[in-house]
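This briefing is for a reader who has not met the structure before. Please look at the sequence and the model, then read the points grouped by topic below.

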Amino acid sequence: MTAILGVAIVAIVGRLAYGGAGALSGLTTLAKTPGADSFSASFSFCGSDRHADCVVDGDTFWVHGEKIRISDIDTPELSSPRCEAEGSKGEAAKACLLALLNAAKLSLSAGLRDEDKYGRKLRTITRSGALARRHVQR
């Protein structure tokens, strides 16, 4: 039984490596790759009653009625900063995300998990096929 399972795993991995994810009909692609940059909106900061095309903090925003959490990053907290420096850096991260989202068209793509434990959509942001980045002066 173990040998059969091992052969099946090797076959699937080999098929993915040489035939691409599309070669396995019926299986979900593990990571969806972004297409052409087609996503854009006019973003502002979220308020207590505003949750449409707005930035919550440095790694979370609302777009078209969905709350998005940027995958694989964690910015300083704004809701309960542990100190004044963390709050300041959190505000800077929030401003940078707003500038990044408003700069030009981008792509949002899902990874291995679609949502986090809070129901936010987990997405990677890319522009022209590369991770979208905006640097903050430290």
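**Strand β3 and its surroundings**

Strands β3 and β4 (residues 66–70) are paired antiparallel, with four bridges between them. The model is a predicted one. The points below start from this pair, then turn to the nonpolar core and to the chain as a whole.

**Pairing of β3 with β4**
- Within this pair, Thr60 lies opposite Arg69 of β4.
- β3 and β4 make a hairpin, and two residues separate the strands.
- His64 in this hairpin has a positive phi, near 50°.

**Pairing of β3 with β2**
- Strand β2 (residues 54–57) runs antiparallel to β3 and is joined to it by three bridges.
- Val55 is the residue that faces Phe61 of β3 across this pair.
- These two strands also form a hairpin, again with two residues between β2 and β3.

**Burial of β3**
- Strand β3 spans residues 60–63, and both of its faces are covered.
- On one side, Thr60 and Trp62 are buried.
- On the other side, Phe61 and Val63 are buried.

**The largest nonpolar core**
- The largest nonpolar core has 14 residues.
- Phe43, Phe61, Leu97, Leu101 and Ile125 are the members that touch the most other members.
- Two or more residues of this core come from each of β3, β4 and α2 (84–103).
- The biggest contribution is that of α2, which supplies four residues.
- Phe61 thus appears twice in this briefing, as a buried residue of β3 and as one of the core members with the most contacts to other members.

**Contacts of Ile125**
- Leaving aside residues up to four places away in sequence, Ile125 touches Phe61, Ile70, Leu100 and Leu101, among others.
- Its partners also include Leu106, Ser107 and Leu108.
- Ala130, Leu131 and Ala132 are further residues that Ile125 touches.

**The chain as a whole**
- Two helices and seven strands are found in the chain.
- Their order along the sequence is α-β-β-β-β-α-β-β-β.
- The chain has 138 residues, of which 30% are buried.
- Among contacts with a separation of 6 or more, 48% are between residues 24 or more positions apart.
- About 9300 Å² of the chain is exposed, and 55% of this area is supplied by carbon and sulfur atoms.

Definitions and conventions. Residues numbered from 1 in each chain as written. Predicted model: local features only at pLDDT ≥ 70, side-chain atom pairs only at ≥ 80, totals over all residues. Heavy atoms only, no water. Buried < 20%, exposed > 50% of the residue type's maximum accessible area, 1.4 Å probe, protein only. Contact = heavy atoms within 4.5 Å. Areas by Shrake-Rupley, 256 points an atom, 1.4 Å probe, with all protein chains shown as cover. Pairing = 2+ DSSP bridges. Core = buried A, V, L, I, M, F, W, Y, C linked by side-chain atoms within 4.5 Å.
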